[in-house]
Amino acid sequence: MGQDVRSPRGPRCIALVGPFQSGKTTLLEAILARTGAIARAGSVDAGTSVGDASAEARSHKMSVGLTAATTSFMGDSYTFIDCPGSVEFANDMRAALPAVDAAVVVCEADEKKLPQLQIILRELEQLKIPRFLFLNKIDRASQRIRETLAMLQPASRVPLVLRQIPIWNGDLIEGFVDLALERAFVYREHKASEVVDLEGGNLDRGKEARFSMLEKLADHDDALMEQLLEDIQPPRDAVFDDLARELREGLICPVLLGSAARENGVLRLMKALRHESPGVEATARRLGVRSDGKSDGKSAKEALGYVFKTVHLQHGGKLSLTRLLAGRLDDGAVLQSSSGESGKVSGILAVNGATDSKRAAAEAGDTVALGSHFARVLEVPAHTAGHIAYHFDKDGVVFDRNGVTVRAFTVDHGPAKPAVGYRVDYKGRSVLISGDTRMDENVIKYGTGVDLLLHEVLAVNPAVLQKAPKLVAIFNLHASPEQCGEVFAKAKPKLAAFTHIVLMGAPAFGVPFPAPTVQDMIDETRKTYQGPLEAGVDLMTFEIGNGVTVKRPM
Ligand SMILES: Nc1nc2c(ncn2[C@@H]2O[C@H](COP(=O)(O)OP(=O)(O)OP(=O)(O)O)[C@@H](O)[C@H]2O)c(=O)[nH]1
Ligand SMILES: [Mg+2]
């Protein structure tokens with residue numbers, strides 16, 4: 001009894017977000033494996049994950065777009081939206097967030113990733129989306145959890161509430177104490193953890209950490225505060241209720257621990273989602289949809305959906321990844337977009353990463369892919385920063401709206417075909433993005449005289465190439481700083497800037513030579529180019545007016 005009754009039932013939709021390479025896709029894999037949706041977890045590194053199934057994601061070993069996968073856990077269905085962490089794809093995450101019930105923010109104990117973590121948490125805070133922090137990669141933890149929490153706390157406006165503490169065995173974490181349940185568990189690989197006696201030092205540390213968790217909860221619960229002051233043990237159910245309520249109201253951000261790669265901490269996370277995350281009704285309310293399925297005074301009669309993302313298929317149809325917020329949707333139903341156009345749904349697919357299966361209908365809460373051969377039937381709501389993916393196969397203008405034109409042109413990235421660069425023009429200002437490419441004449445042709453020319457670059461310590469001939473092939477797919485300088489010198493942009501900066505050296509490739517520094521890269525470029533130059537960093541912004549102003553992230 002107890003929490004189960006209070007937990008909303010029905011299909012959930014949960015976003016997996018977090019800084020670049022923190023382990024979101026690996027966590028999705030672990031969730032699918034632990035909940036039985038797949039027989040065993042694949043891996044991003046081996047190119048076998050469900051999430052990073054596209055050829056591009058596979059070759060980069062990183063996520064390059066939203067993917068969704070549905071699984072079931074204790075009788076309810078859960079769709080996870082795995083959002084790419086690279087800032088280049090931040091819009092994908094933005095488009096996904098509004099219609100999820102909660103977000104799992106996958107993070108690491110890494111100070112360098114704190115700025116990106118903070119940006120993501122701020123967005124969730126603003127959108128009022130309940131969020132859990134999943135502190136991943138604890139198999140590599142090197143510092144105490146308290147220190148990690150203190151390091152992470154500035155990224156969140158609300159208190160981070162630690163729900164588990166690790167059990168150490170020497171330098172390794174072998175299990176955890178669940179502070180709400182007051183129970184200790186030892187991790188087992190690819191299996192549920194095993195309950196063990198909570199005793200000795202772990203008992204003391206557990207008590208202390210539990211008290212600190214309760215203190216944070218008591219800030220929003222007077223009765224609990226009184227119990228703590230009077231040294232009375234609060235009833236367990238009341239603690240679970242507080243955890244759920246304070247999460248949903250955005251007052252706290254609970255922190256769970258685990259290792260996605262080892263599938264540790266996954267079931268604990270699923271249980272927290274089951275008991276504590278809100279369901280579709282609360283999400284629909286947050287988006288201003290009334291429980292009768294009406295929004296903004298307009299009647300949505302049978303069904304109301306939110307489109308996360310639309311992909312244009314090569315044969316001309318479209319697939320829209322959609323969360324049904326209210327009502328029921330049958331295959332063949334006619335839908336209307338927020339801009340008033342209507343069209344028929346042709347095919348409802350359950351989403352499961354690379355493999356999708358057909359369904360006859362979808363119910364409120366479900367996340368499905370809707371097929372349609374009608375143009376613009378469904379689109380990402382205008383109030384979000386969502387984007388629509390277009391398929392194009394020729395160079396030329398690929399986007400022309402409200403004075404913004406985007407031109408795509410072919411570049412040379414060796415066997416990776418097609419490879420394109422883009423030039424964006426708006427009111428006489430222009431930006432060129434080289435894309436992944438070797439030195440290419442097209443960049444000069446389209447980039448001559450632009451305000452901002454962004455070029456990819458790969459700098460390498462020459463000794464590395466001699467020691468590891470295999471790397472020459474990679475090196476040859478990219479542009480060296482000196483070659484970039486030649487391009488800049490010919491195109492003469494108002495500002496040239498490097499993006500996709502690869503500084504190749506040890507130890508990543510097992511060769512004992514240091515990678516060049518950013519300054520080395522600039523020095524190399526200066527051999528061929530003397531004009532304005534900037535080395536990009538994540539979240540850097542460029543304001544283009546009469547000149548180009550560069551703003552570095554704080
Ligand atoms: N040691 C360790 N490595 C992990 C763990 N989880 C993920 N990794 C590794 O971290 C790297 C990134 O993992 P991904 O799952 O691709 O991370 P991601 O957050 O999906 O990455 P993006 O989508 O590109 O932002 C891979 O090399 C994984 O093998 C973990 O629990 N422990
Ligand atoms: Mg990923």
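Begin the tour at ligand 1 by selecting K24, where a polar side-chain atom lies 2.6 Å from an oxygen atom of the ligand. Keep in mind throughout that what is on the screen is a predicted model.

**Around ligand 1**

With K24 still highlighted, add G23 to the selection, and look for the polar backbone atom of G23 that is 2.8 Å from an oxygen atom of ligand 1. Then add A260, whose backbone N or O atom lies 3.0 Å from an oxygen atom of ligand 1. The protein covers 90% of the 650 Å² of accessible area that ligand 1 has on its own. If you now select the whole shell, you will have 20 residues surrounding ligand 1, with K24, T25, T26, D45 and D139 as the closest. Colouring this shell by residue type should give you 6 nonpolar, 9 polar and 5 charged residues.

**The whole chain**

Zoom out next and show the chain as a cartoon, in which 16 helices and 29 strands can be followed. The chain has 554 residues, and buried residues make up 50% of them. Switching to a surface view shows the part that the chain exposes, about 26000 Å², of which carbon and sulfur atoms supply 52%. If you draw contacts between residues at least 6 apart in sequence, 63% of these join residues that are at least 24 apart.

**A hairpin: β9 and β10**

Select residues 183–188, which form strand β9, together with residues 191–196, which form strand β10; these two strands pair in the antiparallel sense over 4 bridges. They make a hairpin with 2 residues between them, and in its turn H190 has a positive phi of about 55°. At the end of β9, pick R188 and look across to β10, where K191 stands opposite.

**N264 in its loop**

From R188, move on to N264, since R188 is among the residues that N264 touches. N264 is found in the loop between β11 (253–257) and α10 (266–276). Is this loop residue buried or exposed? N264 is buried, because its relative accessible area is 9%, and the cut-off for buried is under 20%. Leaving aside residues up to four places away in sequence, display F134, Y187, R188, L257, G258 and S259 to see what N264 touches.

**H413 and its contacts**

Now select H413, which has its place in the loop between β22 (404–410) and β23 (420–426). H413 counts as buried, at 9% relative accessibility. Which residues does H413 touch, not counting those up to four places away in sequence? They are A419, D436, T437, L477 and H478. Show the side chain of D436 to find its polar contact with the side chain of H413, at 3.5 Å. Then turn to L477, which is 64 residues from H413 in sequence although the two are 5.3 Å apart in space, C-alpha to C-alpha. Here the backbone oxygen of L477 lies 3.0 Å from a polar atom of the H413 side chain.

**E246 in helix α9**

For the last stop, select residues 236–248, which make up helix α9, and pick out E246 within it. E246 is buried, with a relative accessible area of 0%. To view its surroundings, display K216, L217, H220, D221, L251 and I252, the residues that E246 touches when those up to four places away in sequence are not counted.

Terms used
Residues numbered from 1 in each chain as written. Chains lettered and ligands numbered in written order. Predicted model: local features only at pLDDT ≥ 70, side-chain atom pairs only at ≥ 80, totals over all residues. Heavy atoms only, no water. Near = heavy atom within 4 Å. Polar contact = N/O pair within 3.5 Å; in protein donor to acceptor, adjacent residues only side chain to side chain. Areas by Shrake-Rupley, 256 points an atom, 1.4 Å probe, with all protein chains shown as cover. Nonpolar A, V, L, I, M, F, W, Y, C, P; charged D, E, K, R; others polar. Buried < 20%, exposed > 50% of the residue type's maximum accessible area, 1.4 Å probe, protein only. Contact = heavy atoms within 4.5 Å. Pairing = 2+ DSSP bridges.
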